[in-house]
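Biologist: I should like to learn how to read a model with more than one chain. Could we go through it step by step?

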Amino acid sequence: MTSLPQNRTAKKLGLVIDLDVCVGCHACVISCKEWNTGGYGSALSDQHPYGADVSGTFLNRIHSFEVAPEGGQIIGEAGDARVVHFPKSCLHCEDAPCVTVCPTGASYKRVEDGIVLVDEDKCIGCGLCAWACAYGAREMDLAAGVMKKCTLCVDRVYNETLKQEDRVPSCVRTCPVNARHFGDLGDPNSDVAIMVVERGGFDLMPEQGTRPTNKYLPPRPRTSLSDSAPIIPLAENTEGARGFFAWLDKTLDRI
Amino acid sequence: MHPAYSIIVFTTLSGLGYGLAVVLGLGFLDPSLLMTKLAYLTSLALISIGLAASLLHLGNPQRAWRALSQWRSSWLSREGVMAIATFIPLTFSAALAIFADRHDVILGFITVLGALVTVYCTSMIYASLKTVDSWHTKLTPLCFLLFSLAGGFLFASAFVGNGLVEELLALLFVFLALIAKLVWRNRATTLLPISTPETATGLGFIGKVRLFERPHTLDNYLTREMGFRVARKHAAKLWVIAFICGVVLPILALLLAMTIGEGLTAQIALVFSVIAYVLGILVERWLFFGEAKHAVMNYY
């Protein structure tokens, strides 16, 4: 059934992604592909993996953006231009348009925790859900002819055969800098919800009206280079020199 | 957006087929004439080819029957249900005309209603997508419906040969379709996209956002499907071709046929108007997809 749950789900499992911390190492991309190619549903295929025109299905990708304030192209003026690494996977939207456009009932949003999934046995591979998603969260697997998307590692987070610390999505478990956090965003007392409030977490493309569950934490403001650099370059500064060095400084100045 | 041939053929041919079904359902054509019987068969053939073509782009076409299940929420599903539902009264009407030389008003009315709703559902598959600004307007279904009706009356004129009423209505609907499409295109070319790289990343509070590095070195499904740009290079030329084929030539051919009245030349002119119109709509549909910009490209 592709209608969204009648009542908004109380539990909203999702990710909080910290753009201040992400270093763009792509470890989560590889870890995601590794886990999900052997887990839920069909494998994540690659096309021409050893050819000239390589492509493949991924559920999580890292983009890198340059963000330049007005006049920020010049270092030290009006704040600096900076690079922000930007991980992107399914946001498990509350009003997920990918779910309601599905003609077969393959796409659904779980009532119990809000995870958006695809029942691959029902998917006809029409691609309309990928057209309906503004975030590029869905990719058609060209080998299987079915739509693939982030499952929030539903086969890990409830998996009692795994150790407690492993019961989080693969991308979260693997991130070497803790830029990705997993939890229940429907519970205001959860770590992730508190983090969102404290750091001013935001939605991507709120104007699309999708009400994403996943939140992004903004990069922290930086001290401008012009503020941190001393007025006299360090190598020129001899203030505070005493004894032999003070004498040497004076003598050499005189020469 | 990537203009898949199967989708272009599907929306064009089934649109024309349902347009012709509307004209037939309204009882414009005398059911005792051979040409009317052929018109019914043409309508059924156009719709069938269109629907068959629509299956070609599916990853798993053998499960296509499942697409009839979610009519409560999905316009694609509604389209499938209505397409098949309309087939039934249309087939009965065709059988009645072919075997009994009759036109049933009630059956015809159901066909008209079904055909119009089907075309509306087809257009809403695209118009309901908020991710494609140029499609997300009530003008999209209006254009689809008018194109469908214009095509229906052009086809009908060609089958009748000397039907002044059909020819005048064909002229009227081609003209109305042109106006609707001009307004649609004017909106599409002047609109400000609702999403930008700044809203897509949420980083607009720092400054202007520009892609520094793609997530991958080559294309992926998303860039192939949503980032199609080939037609955009020739968009102005293709638009002129669509305008000449879809509007200028059919109108000239119609006027010529109306002046001559009847006979072989008039018949040829009317057939020519249909061929030109179909070509025009195919190009228009190519542009409809090829020129459409998807919100996900704010990340690329």
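Modeller: We shall begin with the fold of one chain and then turn to its contact with another. Please keep in mind that this is a predicted model.

Biologist: How many helices and strands does chain A have?

Modeller: Secondary structure is counted by element, and chain A comes to eight helices and 11 strands.

Biologist: What is the radius of gyration of chain A, and what would a compact globule of 255 residues have?

Modeller: The value for a chain is set beside that of a globule with an equal number of residues. Such a globule of 255 residues would be near 18 Å, whereas chain A has 25 Å. The C-alpha trace of chain A spans about 90 × 50 × 40 Å along its principal axes.

Biologist: What share of chain A is buried?

Modeller: A residue is called buried when 20 or more other C-beta atoms lie within 10 Å of its own. In chain A, 45% of the 255 residues are buried. Of the contacts in chain A with a separation of 6 or more, 62% join residues 24 or more positions apart.

Biologist: How many residues of chain B are in contact with chain A?

Modeller: There are 47 from chain B, in contact with 54 residues of chain A. Strand S1 (208–213) of chain B gives the largest share of the chain B side, six residues. By class, that side has 21 nonpolar, 16 polar and 10 charged residues.

Biologist: In which sense do strand S4 of chain A and S1(B) pair?

Modeller: Strand S4 (residues 60–68) of chain A and S1(B) pair in the antiparallel sense, over five bridges. Within S1(B), B:Lys208 stands opposite A:Ala68.

Methods:
Residues are numbered from 1 along each chain as its sequence is written. Chains are lettered from A and ligands numbered from 1 in the order in which they are written. This is a predicted model: local features need pLDDT of at least 70, side-chain atom pairs count only at pLDDT 80 or more; totals for chains, interfaces and linings use all residues. Helices (H or I, at least four residues) and strands (E, at least two) are DSSP runs, numbered from the N terminus. The radius of gyration is taken over C-alpha atoms; the globule rule is 2.2 Å times the number of residues to the power 0.38. A residue is buried if 20 or more other C-beta atoms lie within 10 Å of its own, exposed if 12 or fewer, and partly exposed in between; C-beta atoms are placed from the backbone. Two residues are in contact if their C-beta atoms, placed from the backbone, lie within 7 Å. Ala, Val, Leu, Ile, Met, Phe, Trp, Tyr, Cys and Pro count as nonpolar, Asp, Glu, Lys and Arg as charged, and the others, Gly among them, as polar. Two strands pair if DSSP finds at least two bridges between them.
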